[in-house]
There are 2 protein chains.
Amino acid sequence: MSLEKFFNAQSVAIVGASRKKGKVGHEVLSNMIAAGFKGKIFPVNPKAQTIKGLKCYADLESIGQIPDLVIIIVPAKLVPLVMQQCAKVGVKSVIIVTAGFREVGKEGRKLEQQVVQIAKRAGIRILGPNSLGVIVPTNNLNASFGGQLPEAGAIGYISQSGALLAAILDIAKASGIGFSKLVSIGNKADVDELDVLKALGADPDTKIIAGYLENINDGDAFVREAERISHRKPILLIKSGGTSAGARAASSHTGSLAGSDTAYECVFERAGIIRCDSVKSQVDYTQAFANQPLPKGTSVAVITNAGGAGIMASDAIERSGLTFAKLSDETVDKLAVGLPPAASLHNPVDVLCDALAERYEFALDVVLDDHNVDIALVLLTPQAMTQPADIAKAIIKIARQNPEKLVLACFLGVGKVEEGIRILREGKIPHYDSPEAAVATIKVMTDYVRWRSRPKRVVKLFAVNRRKVGTIIEKHLRQGAYEIGEAESKVILQAYGFATPKAASASTAEQAVSIARQIGFPVVLKIWSPDILHKTDVGGVKLGLNSPEEVMDAFDLMTYRVPKKLPDANILGVLVQEMVRTGREVILGMNRDPHCGPLMMFGMGGTMVEVLKDVSFYLAPLTAGEAKQMLVNTKTYQMLKPVRGQKGVDIGIIAEGLQRLSQLVTEFPQIQEVDINPYVVGPEGTTPIAVDARMRVEQV
Amino acid sequence: MSLEKFFNAQSVAIVGASRKKGKVGHEVLSNMIAAGFKGKIFPVNPKAQTIKGLKCYADLESIGQIPDLVIIIVPAKLVPLVMQQCAKVGVKSVIIVTAGFREVGKEGRKLEQQVVQIAKRAGIRILGPNSLGVIVPTNNLNASFGGQLPEAGAIGYISQSGALLAAILDIAKASGIGFSKLVSIGNKADVDELDVLKALGADPDTKIIAGYLENINDGDAFVREAERISHRKPILLIKSGGTSAGARAASSHTGSLAGSDTAYECVFERAGIIRCDSVKSQVDYTQAFANQPLPKGTSVAVITNAGGAGIMASDAIERSGLTFAKLSDETVDKLAVGLPPAASLHNPVDVLCDALAERYEFALDVVLDDHNVDIALVLLTPQAMTQPADIAKAIIKIARQNPEKLVLACFLGVGKVEEGIRILREGKIPHYDSPEAAVATIKVMTDYVRWRSRPKRVVKLFAVNRRKVGTIIEKHLRQGAYEIGEAESKVILQAYGFATPKAASASTAEQAVSIARQIGFPVVLKIWSPDILHKTDVGGVKLGLNSPEEVMDAFDLMTYRVPKKLPDANILGVLVQEMVRTGREVILGMNRDPHCGPLMMFGMGGTMVEVLKDVSFYLAPLTAGEAKQMLVNTKTYQMLKPVRGQKGVDIGIIAEGLQRLSQLVTEFPQIQEVDINPYVVGPEGTTPIAVDARMRVEQV
């Protein structure tokens with residue numbers, strides 16, 4: 001789907017245009033005119049003859065031509081009527097600015113549905129309702145009440161908050177940022193973030209995509225599209241609402257670790273989207289992407305006229321994991337010739353507080369000439385003798401001579417450095433209000449470069465017994481049994497190549513003993529019930545049973561006590577299981593996020609998982625590299641590696657477990673949740689064992 | 001010591017005053033004159049008759065009176081000469097602006113020592129060298145080259161970086177922040193951060209102390225002074241250089257966790273100092289402390305005209321652990337009457353994007369009237385109809401009517417909100433460039449309030465055998481043995497009330513068996529050598545020996561193998577020890593930071609400590625509350641509490657262990673490092689046991 005008519009409209013009707021200043025219908029019309037729109041503008045308002053010197057129409061029909069774009073600003077309850085007119089006239093693109101729909105409750109939701117139905121039948125695309133509108137500087141189109149037309153530039157912006165867009169426009173203006181398109185998606189009754197993302201991805205004027213989102217409708221489709229686009233255009237998003245969303249997270253015990261915000265983190269990571277935690281950081285990052293080259297490496301050199309500022313930048317560089325550039329001997333020698341004796345010739349290069357423009361120019365030139373330097377950060381504090389404007393010009397000059405190196409500046413101050421900052425921005429040198437903000441931007445850019453150059457994702461497919469799994473899941477769904485218990489969960493896992501302990505179920509103590517003899521002592525007894533998730537809590541697990549007597553005692557106690565605690569639980573028997581004694585306990589899991597899809601989880605196993613919360617997440621399907629990275633991202637990983645004489649475990653084989661589980665949940669979207677806990681991994685050469693497991697399924 | 005003469009000087013001589021613009025000697029004189037200094041200014045320069053219309057003197061003597069303050073700006077090598085003149089004339093306070101001393105290497109360091117010697121003999125106090133100077137707005141004293149005299153205000157500033165001070169002055173000016181005193185301490189050859197801290201603490205014009213420090217000379221004294229002052233005046237410090245300092249950290253295995261930056265964190269926490277991670281955040285926080293009341297509680301309400309901004313603020317509030325205010329029913333009812341139907345009446349209160357000043361005024365008035373609200377954050381985005389200036393005035397008005405509540409604002413934007421922000425600042429409403437920055441400030445203020453209202457610190461003193469410990473330490477120091485091995489470390493711990501496993505040392509296998517029989521099997525064998533810190537790594541530990549045969553085998557293997565691995569280690573024998581089998585392993589430790597003093601450590605024990613790095617630190621001596629807090633600050637604590645049916649351990653008794661250790665290291669400053677690892681803690685009612693321990697001592 002294309003948003004062609006929204007972006008390149010040559011005729012725009014404004015239904016609800018108003019003469020009264022301060023009214024939205026007035027602001028939108030004023031903005032349209034003030035922007036110098038080259039096409040035709042048709043104000044529609046039955047009560048007026050002309051508004052702002054333009055002929056006013058009683059309704060859409062009386063215009064006598066089909067406007068490319070209609071903006072609706074009438075009261076909510078009249079919107080369906082106007083939509084019917086649109087349908088009748090043959091309009092195909094509509095912006096509904098009017099608020100008071102889904103966001104105000106049930107009545108509003110009904111009204112919105114009514115509007116969408118009219119649109120669907122007539123093949124009309126709607127932006128909104130509750131949209132601030134659309135702005136396209138190159139088309140002089142300001143179909144919004146967002147204020148003045150911004151400068152044309154490389155950034156396409158998607159916003160789920162109209163009001164916030166006004167602030168972003170104002171901040172962007174001061175930072176010298178220009179836009180290709182701005183789209184306020186409002187309630188997303190029809191056009192949503194995915195549609196706009198696709199449109200901006202295909203738009204040749206858009207080099208960078210930025211946005212503010214509160215939720216994503218279809219995480220899976222969004223990931224795929226964003227991943228494709230990110231390779232060519234950086235995507236920088238603010239995603240708010242993470243904490244309240246977290247509260248709505250699933251209550252099941254491992255699920256509670258995977259708040260929805262975690263899911264969005266995974267989506268962003270997979271798709272190479274740069275997450276911005278505030279409008280300020282978004283503007284900070286965007287500035288650099290829009291005006292500077294992507295860095296070739298991660299090595300940063302700092303030039304400063306204040307030792308303190310240099311130290312702060314150095315702290316930030318080291319903390320963020322960037323490389324603190326080591327200047328070559330040649331560079332140091334060159335600097336020694338041109339800088340005063342008290343200057344610091346090593347990174348951070350301190351040109352001293354009395355440095356004028358020439359000294360900055362010389363130092364930056366020498367430093368950028370060094371092969372060890374990919375990025376230069378120039379700091380300035382305004383001493384009495386400092387000339388910020390001249391220094392800004394010097395920076396611009398040298399940066400232009402080194403177009404393959406990233407150059408950023410931070411002039412610490414406000415009034416005294418104002419002109420210098422303005423000159424920097426005009427000269428396409430991004431400017432930051434603190435060394436820390438500049439370094440955060442460098443970090444984001446180097447991360448993006450690394451993401452772009454990662455190897456192609458190849459998801460390995462294992463030979464599995466898919467049919468067997470399908471049968472078990474189907475059976476459960478038919479019976480309305482949404483929890484798959486330990487025994488059948490393990491059958492499913494076996495079908496996907498997991499090893500499980502030797503086990504069988506017993507319904508009498510004698511049977512339990514006979515199974516135990518076959519397996520060999522010691523054994524474990526576990527209550528078998530689809531209704532009991534946390535068996536340990538109710539005394540439903542007994543470990544290390546070494547003799548027939550112990551097995552009989554445990555069996556009888558369990559079958560006596562558990563039903564007393566949980567009288568409603570349907571108890572199918574008792575599982576007698578091989579005792580897996582050696583190895584580290586980890587957990588493999590999956591929790592399907594309603595917006596973002598299957599979230600794989602890895603972490604420390606046993607009861608520790610809840611205490612230490614040392615877990616990592618990633619979206620399925622996983623590549624081998626991603627599975628390994630999930631391990632590396634936990635501290636648990638440090639305990640799996642050989643430590644102090646202890647043998648390490650086979651990392652590759654745990655990663656393979658994650659890949660197999662990822663294949664399972666990808667092939668069976670009915671699976672909503674899986675826990676393999678503990679997954680016992682022994683030293684290298686041994687096979688890990690899924691000692692306990694459970695799953696939850698749903699009809700999809 | 002008082003800095004009286006620096007702050008209230010009535011006559012100032014400038015040695016090295018210059019006619020040449022751009023020279024420091026010129027800038028300082030110009031600043032002195034421009035500030036409207038009411039006292040006398042004596043330029044000293046043998047080559048000039050007058051400078052800037054002031055009579056110029058050939059030297060200090062020819063002035064004919066003793067200046068209260070002398071500023072020296074002559075080249076470094078001439079400074080000793082001028083100092084001798086100062087001594088001769090009877091000057092008592094000198095600022096040395098000249099650079100080129102300690103910071104440029106050995107020669108400079110010698111020169112600095114020379115200067116200090118002259119000063120000491122003559123009873124002269126020096127600020128600097130390499131100082132930007134001193135600024136006291138109420139005295140119209142600008143004895144610096146920091147530019148224009150700032151406004152008078154409540155903030156006293158200490159800076160270790162002169163150049164950075166220039167930036168801070170410039171930013172402060174734009175934020176409407178005024179100063180009582182600004183002191184650039186430079187190389188701290190004499191006057192240091194502690195002297196200035198004391199002076200500002202005693203200064204009635206200073207309500208808030210802020211500063212930028214790269215190191216603290218005497219952490220212990222600084223903590224005591226800062227703790228005393230913090231109760232009356234908030235102290236906000238930037239401490240830079242944390243990462244490179246971290247690299248210099250001790251290499252011993254637990255010491256490596258306690259980088260110097262951790263030590264500073266502990267100093268700051270103990271003393272109630274608010275750590276600022278950038279100049280920006282320091283200005284952000286300072287604004288609020290200077291202009292607003294301290295909050296009575298932690299409950300924050302948000303008022304916004306943009307839903308998106310409100311969500312971002314809510315995220316920040318929840319993430320920072322503040323309370324998201326629940327508005328009373330009465331408040332919601334009142335809001336319902338005055339706000340439009342589509343407005344959100346619950347926190348965050350959304351007054352909608354077309355809100356004018358009256359609506360903001362009404363909403364803020366109602367919200368601040370609510371007993372559940374301690375703090376209000378007012379957000380604004382500039383829509384076409386928004387009137388930022390009027391809204392700013394409304395906020396000021398209502399805030400003044402509620403002097404006991406903290407009110408902050410964030411007008412998102414730049415150009416369109418500029419006037420509004422100016423009005424807010426003039427009206428003493430702190431303004432932030434993002435909701436996140438405002439919330440960070442609220443967090444810092446509530447933390448400070450909590451610190452101030454913490455109970456009085458009472459350090460319990462246990463009855464111990466101090467003499468015994470003294471004897472052991474003295475013996476080691478006499479012998480130049482700085483490592484105290486396991487056996488004697490345990491004797492020391494016993495003297496301070498710790499339980500240790502039954503143990504004795506053996507020099508033959510037979511002796512080991514006989515000891516094992518007395519203790520009872522199973523036992524542990526450990527190599528005993530002052531030269532072996534990590535016994536496990538060299539096969540010097542054997543656990544769970546169940547019989548005389550196993551003990552003999554272990555003894556012989558150990559005494560055969562260990563010397564082969566470490567031929568130079570002095571092996572004193574083998575320790576035969578009771579096997580402590582049940583309980584959780586934790587670590588208690590101490591590492592004495594050269595600047596900040598004894599850093600207590602608590603964390604997960606065994607080899608896990610290095611892997612999980614789940615440790616907490618606090619400065620000794622510890623109160624019972626602080627010791628408990630050290631436990632709570634780790635994730636390990638979650639495993640010590642009762643979890644899923646397992647019994648918890650006695651938290652109080654572990655805390656007591658930390659307190660006892662804290663007493664030991666406080667009473668014996670010779671102890672540089674202690675590790676009790678593992679400290680095995682059983683279920684409630686049992687006594688924890690120090691299973692292994694080592695210490696390092698030094699002559700002090």
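**Charged patches and two sheets**

Hi everyone, let's start on the surface of chain A, where A:Glu510, A:Glu549, A:Glu550, A:Asp553 and A:Asp556 come together as a patch of negative charge. Before I go on, please keep in mind that this is a predicted model.

So where does that negative patch come from? Helix 20 of chain A, residues 548–565, supplies its largest share, with 4 residues. A:Glu510, on the other hand, sits in helix 19 of chain A, which covers residues 509–519.

Now stay with helix 20, please. There is also a positive patch on the surface, made up of A:Lys542, A:Arg561, A:Lys564 and A:Lys565. Which element gives the most to this positive patch? Helix 20 of chain A again, with 3 residues. One of the residues in that helix is A:Lys565. To put the two together, helix 20 is the main contributor to the negative patch and also to the positive one.

Next, salt bridges. Searching the whole structure turns up 72 of them over all chains. Let me show you one: A:Glu361 pairs with A:Lys397, and their closest N and O atoms are 2.6 Å apart. Why point at this pair? A:Glu361 belongs to helix 13 of chain A (residues 357–368) and A:Lys397 to helix 14 of chain A (residues 388–401), so the salt bridge ties together parts that lie 36 residues apart in sequence.

Let's turn the model round to chain B and look at its sheets. In one open sheet, 5 strands are arranged in the order 2-1-5-6-7, with parallel pairing. At its edges you find strand 2 (40–44) and strand 7 (125–127) of chain B, each pairing on one side only. From one strand to the next, the twist averages 20°. If you zoom in on strand 1 of chain B, residues 11–15, you'll see that 5 bridges join this strand to strand 2, and the two run parallel. For a residue to click on, try B:Val12, whose bridge partner in strand 2 is B:Ile41.

Here is another open sheet in chain B: 7 strands in the order 9-8-11-10-12-13-14, and here the pairing is mixed. Which strands are at the edges? Strand 9 (141–144) and strand 14 (274–276) of chain B, each with pairing on one side only. Neighbouring strands in this sheet are turned by 20° against each other on average, ignoring direction. Strand 13 of chain B, residues 235–239, runs parallel to strand 14 and is joined to that strand by 3 bridges. There, B:Leu236 stands opposite B:Ile274 of strand 14.

That's my tour, thanks for listening!

Methods. Residues are numbered from 1 along each chain as its sequence is written. Chains are lettered from A and ligands numbered from 1 in the order in which they are written. This is a predicted model: local features need pLDDT of at least 70, side-chain atom pairs count only at pLDDT 80 or more; totals for chains, interfaces and linings use all residues. Side-chain values use heavy atoms; hydrogens and water are left out. Two strands pair if DSSP finds at least two bridges between them. Axes are lines fitted to C-alpha atoms, for helices over the stretch in contact, and angles run from 0 to 180 degrees between N-to-C directions. Patches are made of residues with over 30% relative accessible area and no salt bridge: like charges are joined within 9 Å, nonpolar side chains (Val, Leu, Ile, Met, Phe, Trp, Tyr) within 5 Å. Accessible areas come from the Shrake-Rupley method with a 1.4 Å probe; for residues, only the protein chains shown count as cover. A salt bridge is a side-chain nitrogen of Lys or Arg within 4 Å of a carboxyl oxygen of Asp or Glu. Lys and Arg count as positive and Asp and Glu as negative; His and the chain ends are not counted. The place of a charge is taken as NZ of Lys, CZ of Arg, CG of Asp or CD of Glu.
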